[in-house]
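Trainee: I should like to learn how to read a fold from its strands, its cores and its unusual backbone positions. Where should one begin?

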Amino acid sequence: MTGSDAPAAAIPGAADTIVAAATPLGRGALSIVRLSGPRAHQIARTVCRRFPTAPRKAVLTEMHDATGAILDQAVVVRYDAPSSFTGEDCVELSTHGGIVVPTTVIGALIAEGARIAEPGEFTRRALLNGKLDILQAEAIADLIGAGSRAGQRVALQQLDGGLSRRIAALRDSVVEIEALIAYDIDFPEEDDGPIAPERTLAALDDLERRIRELLATAKGGELIREGALVVLAGKPNVGKSSLFNALLGSSRAIVTPIPGTTRDALEAVVDTEPWPIRLVDTAGLRQSTDLVERLGIEVSESYVRRAAIVLCCGDDADSLREVVSAVRRVLARVEGLPDKPPVILVRTKSDLDGPTGVELSALGEGLSTTATVAVSAETGAGVESLLESIGDALNREAGAPELDAPVLTQARHQLGVARALTELRDFRRAWREEALPATVAAVHLHAAAEALRDLIGGIDTEQILDEVFRRFCVGK
């Protein structure tokens, strides 16, 4: 059953009218309170002195509680089912901001019969009423949580249905192959004759190619959604924190000449194009007997193991060699690490005496690093070149991102598409080698179609929906 097929009676809690603040409580000019459900209009009329006589009409009204005490002067907008976000009767109240006003308004609505919404319940109702599919619901959460312009663009593209349409087209292609097999099984003696195996095989080849192309976007999609983890590693006092602050344009890390000042990892997002970067300033990689610093060094090593790119920082040739060696020792201890992250050699404090550009390039070549960059946090020289080198390395690792094309941004998407590809390959093996009767081999085609269907709107169980909406705020 898909979202558009779900009858109202099958929607958990559909008889309830729910309420929540759609904006964070706190100091601000306005707060938006949302009400949705079969009694939304009735409850709002009880609390509002004036109520719109027509949908999508804004009315200025006083709001009061059951005792008649005035709570606020607000703007109320009415929405009628099914022409609302949730597909139900809805009301949106624009109250004054703060904590007391929206809280007392919500309290008055609850007193009249509404209940507080669960996290993501408004969007969940929209999905179950056929207003959007699961991928679009996930896109709403991604858009709200976007930490970069790239993440924003990808989420908007997914909300517009781009990924849903691409998944649906793949599923339709699976069904077409199923139809070819079914025709061959059920009507082998028709005038047109049996379906040529070459025709089925060509359709299968094309479908597998398109699925592989979509799967190839998963790594880039994760980097866009989460930000590429770029870790600054190096000995203490070589300028990592100064470089961190220069890349951010603000003083997040404490910069002192005392080794070991950064005892924990500092993390911030740098909104660069096309890849957003999760920049991490770590404690120096060195041996230490100080318990607190040792814990910081262990955190640093953990980040290095998970990094998309490691910036090996040093202010002279010896410190650069030492940090590259230390990073590779950390990575060598990780069992089953599929790909080692690219290492960029970063000569810090380039405004002071140190290796020349030619010497730095030769050093990087000898250490087999991805790129070499000289930077000065003091003057800003080389910072843009470093960001370009990071972008180039990410392009080589994940492919240049197409932000306006559908991409897989979550593990659930990747697993579903990968499962469909596996089922298609199992079908090919069983069908081509005639290891199984065609009717049995076709079970793999059905499983592939189901895997793709579940990504868009297969909601036979509550488990998928519970996981999707776990990340939502209450008012959405």
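Mentor: Begin with strand β10, which is mostly covered: six of its six residues are buried. The model is a predicted one.

Trainee: Which residues of β10 point one way, and which the other way?

Mentor: I309, L311 and C313 point one way from β10, while V310, C312 and G314 point the other way, and all are buried.

Trainee: How should one read the pairing of strands?

Mentor: Strands of a sheet pair through backbone hydrogen bonds, either parallel or antiparallel. Here β7 (residues 228-234) and β10 (residues 309-314) pair in the parallel sense over five bridges. Within that pairing, V230 stands opposite I309, and C313 is the bridge partner of G234. β10 also pairs with β11 in the parallel sense, over five bridges, and there G314 stands opposite R347.

Trainee: In what order do the strands of the sheet run?

Mentor: The order is β8-β9-β7-β10-β11-β12, six strands forming an open sheet with mixed pairing. At the edges stand β8 (266-270) and β12 (371-374); each has a single partner strand, so one side of each is left without a neighbour in the sheet. From one strand to the next, the twist averages 25°.

Trainee: Which helix lies across β10 and other strands of the sheet?

Mentor: Helix α9 (residues 240-248) lies across β7, β8, β9 (277-281), β10 and β11 (343-347), and runs at about 30° to β8.

Trainee: Which residues touch the most other members of the largest nonpolar core?

Mentor: They are L311, I344, L386 and I390, in a core of 34 residues. Helix α13 (residues 383-398) gives the most to this core, with seven residues. Consider L386 in particular: leaving aside residues up to four places away in sequence, L386 touches L243, L247, L311, I344, V346, V373 and V375. Apart from this core lies another, of 31 residues, including L207, L215, L424 and L445.

Trainee: What do the totals say about the protein as a whole?

Mentor: The protein has 16 helices and twelve strands. Buried residues make up 48% of its 476 residues. The exposed surface is about 22400 Å², of which carbon and sulfur atoms supply 52%. Among contacts with a separation of 6 or more, 68% are between residues 24 or more positions apart.

Trainee: Where does the backbone call for a closer look?

Mentor: Take the peptide bond first. A81 and P82 are joined by a cis peptide bond, with omega about 0°, and P82 is in the loop between β4 (70-79) and β5 (90-98). Then look at phi. R56 has a phi near 60°, a positive value in a residue other than glycine, and its place is in the loop between α1 (40-47) and β3 (58-64). K349 likewise has a positive phi, near 55°, in the loop between β11 and α12 (357-366).

Trainee: Is R56 buried or exposed, and what is the relative accessible area of K349?

Mentor: R56 counts as exposed because its relative accessibility is 57%, and the cut-off for that class is over 50%. K349 has a relative accessible area of 28% and is therefore partly exposed.

Trainee: Where does pLDDT stay under 50?

Mentor: Over residues 1-9, for which the model has 20 contacts beyond four places in sequence, and over residues 253-263, for which it has 28 such contacts. For the protein, pLDDT averages 84, and 84% of the residues score at least 70.

Note on methods: Residues numbered from 1 in each chain as written. Predicted model: local features only at pLDDT ≥ 70, side-chain atom pairs only at ≥ 80, totals over all residues. Heavy atoms only, no water. pLDDT = per-residue confidence, 0-100. Contact = heavy atoms within 4.5 Å. Pairing = 2+ DSSP bridges. Helix = DSSP H or I, 4+ residues; strand = E, 2+ residues; numbered from the N terminus. Axes fitted to C-alpha atoms, helices over the stretch in contact; angles between N-to-C directions. Buried < 20%, exposed > 50% of the residue type's maximum accessible area, 1.4 Å probe, protein only. Areas by Shrake-Rupley, 256 points an atom, 1.4 Å probe, with all protein chains shown as cover. Core = buried A, V, L, I, M, F, W, Y, C linked by side-chain atoms within 4.5 Å.
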